Amino acid sequence: MKKDETVFSGRKNRRSFLKNGVVAAGAMTAGAGLLSGSSTFADSDDRVNLTKGDIAILTFLAALEQVEADLWIQYAELGGPTPAVPSSFGLSPIDLVQNGKKIVTGLAPAYITGLQVLDTDMPQYIADNTDDEISHHRFLNNYLASKGARTVDLSSFAIIPPSRVSGVPQNGRLTNLKQLTVDTKWWTRYRSATQNPDFGGTFQNAVPDLAKGQHPAIPESDDDLTLDKNGNISTHLQAIANTAGFHFGFIEQGGSSLYPTLAQKVTNAEVLRILLSIGPSETMHFQVWHDKAGNAQILTDGALSFPDLNSGNNPNGGGGTQQENADSFQTNLIMPEPTFFLHKGLGPVSIIRPTSEAGGGGAVSAVVGFAEDGLFLDPATGQNTGIVAKLMGLAEAADDARRGF
Ligand SMILES: [Fe+2]
Ligand SMILES: [Fe+2]
């Protein structure tokens, strides 16, 4: 079985990022202590001792959810709802809070204009996805603490400067959304009727240019937000919004595979329940973003083109009949196409893919995928920050978990 096709990327050398990361200082903080008492955790059996493996899985997920929260907060700050763009703002208040601090959203109305080409509800969806990730990280840490296990806080790795758009809090971040190399092979992976990464299947990008070079998914400064004399946003800003649209799908399809892959290693029924309950919320996100990415405006901005995926042509060039290309790229084919699973003799079935470590669904693959995506690039050094080494250690422990241990 091929090991080089990760859910986040198809590239080889999955551990090369360890070399690029500064050796991590410990970022685990001591747990808040055992929060016992059935009044605090009415549905949680705090008498159960978790296995080392279950704790490793929960710890890794708590860490990765903090990364997800960090990147989504940046998207929400710039592209979330704001009264300044009435179409982005409903009657339901935006109540994004992290560590007791309110997150201001929608600081870049022109970016919102670009995002709303994909769907007018994009700002609300971005805020809600952000809320969900913050809650995933918080819940997993609270649960670990309730079992007397150590919680995770990666804040010491928050050294990446955020967007300089006016109003964005200038504290360091865990993730870099300004130099992304977005893998878009998930697009064809979910459309294939004959390939499954768990069987070593290989897939093509939907937006080949996004998978090479470095592209911003957020406006970097107020300069990016300048309107032309007709009041329209620039092609470059629309390209930034399009990039975000595909990046949303990339992030959330990864979570959609990670949770079921790790769930197979869980021992405790309650921990299994946690993974089976959070994982599908990632898939709900993915499904929305998958649909919206197909509305990205067809355009060319320098070396970055967003192709017409409904043309019957293959955006990667090469051959294929019109029907083959439509099967692989048509924008409304967002339900998981039935493909082979477990054993080819069982016939095709509509499923999440991959759901194996070998197929790229595991924790190490998740970290490699995020790193290859450029999420942890320190612009000052061009290298990954130390968070990669830290996450890789947690990921290896999670992938090594086995039921009963
Ligand atoms: Fe999440
Ligand atoms: Fe997510």
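**Two irons and a helix pair in a predicted model**

Visitor: Is Arg-173 buried or exposed?
Guide: This is a predicted model, in which local features need pLDDT of at least 70 and side-chain atom pairs count only at pLDDT 80 or more, while totals for chains, interfaces and linings use all residues. Residues are numbered from 1 along each chain as its sequence is written, chains are lettered from A and ligands numbered from 1 in the order in which they are written, and side-chain values use heavy atoms, leaving out hydrogens and water. Buried means under 20% relative accessible area, exposed over 50% and partly exposed in between (1.4 Å probe, protein chains only). With a relative accessible area of 3%, Arg-173 is therefore buried.

Visitor: Where along the chain does Arg-173 lie?
Guide: Helices (H or I, at least four residues) and strands (E, at least two) are DSSP runs, numbered from the N terminus. Outside its neighbours within four places in sequence, Arg-173 has contacts (heavy atoms within 4.5 Å) that include Asp-70, Glu-77 and Phe-157. Its place is the loop between strand E4 (151-152) and helix H5 (186-189).

Visitor: Which residue coordinates both the iron ion (ligand 2) and the iron ion (ligand 1)?
Guide: Donors are N, O and S atoms within 2.8 Å of the metal (3.2 Å for Na, K and Ca), and sites may look incomplete because water is not among the atoms. For the iron ion (ligand 2), OE donors at 1.9 to 2.6 Å come from Glu-68, Glu-133, Glu-252 and Glu-282. The two iron ions are 3.4 Å apart, and the residue that coordinates both is Glu-68.

Visitor: How many residues apart in sequence are the parts that Glu-133 and Glu-282 tie together?
Guide: The donors of the iron ion (ligand 2) are spaced E-x64-E-x118-E-x29-E along the chain. Because Glu-133 lies in helix H4 (residues 122-146) and Glu-282 in helix H7 (residues 269-293), the pair ties together parts whose separation in sequence is 149 residues.

Visitor: How is H6 oriented relative to H7?
Guide: Axes are lines fitted to C-alpha atoms, for helices over the stretch in contact, with angles from 0 to 180 degrees between N-to-C directions. Helix H6 (residues 235-263) packs against H7 at about 155°, the axes being 8 Å apart. Angles under 35 degrees count as roughly parallel, 65 to 115 as roughly perpendicular, over 145 as roughly antiparallel and the rest as oblique, so H6 relative to H7 is roughly antiparallel.
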